[in-house]
Amino acid sequence: MTSSLVGRFAHAVVVWQKSHGRNSLPWQNTRDPYRVWLSEIMLQQTQVTTVFNYYTKFLERFPTVAELAAAQPDDVLALWSGLGYYSRARNLHRCAQDVVTQHGGQFPQSAQLLQTLPGIGPSTAAAIASFCFSERVAILDGNVKRVLTRVMAFSEDLASGKNEKKLLAIANSLLPEKDLTNSMPRYTQGVMDLGATICTSRKPQCLICPVQVLCQALAQGNPEKYPVKTKKLKRSVEHLSLLWAQKPDGSVWLERRPASGIWGGLYCLPVFANEESLLAFLPGRTRSRVQHLATFKHVLTHMDMHLSASITKFSAHQVMPSSHASLSGRWVLPDEWKVMGLPAPIRKLLENQQGQQVSNAQRRAHGGV
Ligand code: ADE
């Protein structure tokens, strides 16, 4: 790598970020590590536009790390409901507690120390340290990998940890060297912005790219060839049957999922491996009144879930059979489940059905069938 490239790349990114980068996202224009940390955790595996509302609501409810540390785990999960990857919410809560109990309520000020906290990996630690403390340390998320592998025509396979480390060393060597207080936050945001808006995986906009004259992949005429990564994510398919038991007052039976595994720690309709085991679980008189809803697909990054719900009416005093009457299961009225931590597809399912029940009731009230 030539020494001129190093300084020129960082400079071009910093100058471009000022005028063309994203500068009014809700988590920008602050050096408060609590806010930056929260945004970085939410932005892992989640799109910027999805994070907007969650971020604002979360901060309204928990304006400080101390308030988050003191929260009930269920309240944290409820605010996370719909964002997915719920281990992030559990780690978030643990991390806030560690900051309060082990660091006197202040986030540590280096990437190295930040990484010792739950849920903070090397790239997130680097983002917080560079945004808040101007530390000269490189992030390496998906967008940044794409930009750097193209600029450097880095053709080694990122499926290997050894090659990822090589790229990280290159990323660190490309960092700004002057005026770190201003340039580090600007540069960190700039490489992310370049990857998100210009150096996209398909059809990159090289003509308006601020580093086009430095880009070795563009000089070769094949930027889309990078990054090279052979190991494709293996997607799996899962079929689940959901028991939707409802009482005359409209309450539904919800139970807490085990802490590990899918939807860990969230409240959910009881889950069965298939329809047979769901039916076998129900008492005979209830079984004959089950209504099966059409199967629907919920797509996650690593899995396609095919969900089938079976609705059954319980009478006012009927109890849930014991194997599912766990301590964490109970009848929950709509006003309550609306503010609980439910998996997104379960919430959608309950809300759709509730909407239908309301419109059926309105039709009946107006003389329809
Ligand atoms: N993804 C991760 N961090 C981000 C940030 N600060 N802005 C936009 N997208 C991001």
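**Entry 1: salt bridges**

I began with Arg22, which forms a salt bridge with Asp193, the closest N and O atoms lying 2.8 Å apart; I count a salt bridge where a side-chain nitrogen of Lys or Arg is within 4 Å of a carboxyl oxygen of Asp or Glu. Arg22 sits in the loop between α1 (3–20) and α2 (33–43) while Asp193 belongs to helix α11 (residues 180–197), so this pair ties together parts that are 171 residues apart in sequence. I take helices (H or I, at least four residues) and strands (E, at least two) as DSSP runs, numbered from the N terminus.

I note for all that follows that this is a predicted model, in which local features need pLDDT of at least 70 and side-chain atom pairs count only at pLDDT 80 or more, whereas totals for chains, interfaces and linings use all residues. Residues are numbered from 1 along each chain as its sequence is written, and side-chain values use heavy atoms, with hydrogens and water left out.

I then looked up how covered the two partners are, calling a residue buried under 20% relative accessible area, exposed over 50% and partly exposed in between (1.4 Å probe, protein chains only). Asp193 is buried at 0%, whereas Arg22 is partly exposed at 23%.

My search of the whole structure returned ten salt bridges. One of them joins Arg35 to Asp32, with 3.9 Å between the closest N and O atoms; Arg35 is partly exposed at 32% relative accessible area, and Asp32 is partly exposed at 30%.

I also looked at Glu177 and Arg136, whose side chains meet in a salt bridge at 3.8 Å, N to O. Glu177 is in the loop between α10 (161–173) and α11, and Arg136 is in the loop between α8 (122–133) and α9 (142–151), so the pair ties together parts 41 residues apart in sequence. Glu177 is exposed, at 60% relative accessible area, while Arg136 is partly exposed at 33%. I further recorded that Arg235, Lys297 and Asp304 are joined into one network by salt bridges that share partners.

**Entry 2: the ligand**

I listed the residues around the ligand, taking a residue as near if one of its heavy atoms lies within 4 Å, and obtained Arg22, Leu25, Trp27, Glu40, Leu43, Val48, Phe131, Gln189 and Met192. Arg22 is thus in this shell as well as in the salt bridge with Asp193.

I next looked for polar contacts, meaning pairs of N or O atoms within 3.5 Å; within protein, one atom must be able to donate a hydrogen and the other to accept it, and residues adjacent in sequence count only if both atoms are side-chain atoms. A polar side-chain atom of Glu40 lies 2.9 Å from a nitrogen atom of the ligand, an N or O atom in the side chain of Gln189 is 3.1 Å from a ligand nitrogen, and for a polar side-chain atom of Trp27 the distance to a ligand nitrogen is 3.4 Å.

Taken alone the ligand exposes 260 Å², of which the protein buries 91%, with areas from the Shrake-Rupley method and a 1.4 Å probe (for residues, only the protein chains shown count as cover). The elements giving two or more residues to the shell are α2 and α11.

**Entry 3: strands**

I finally checked strand β1 (residues 236–246), which runs parallel to strand β7 (residues 303–313) and is joined to β7 by eleven bridges; strands pair if DSSP finds at least two bridges between them. Trp244 has Ile311 as its bridge partner in β7. Two bridges join β1 to strand β4 (residues 271–272), these two running antiparallel, and the partner of Leu242 in β4 is Val271.
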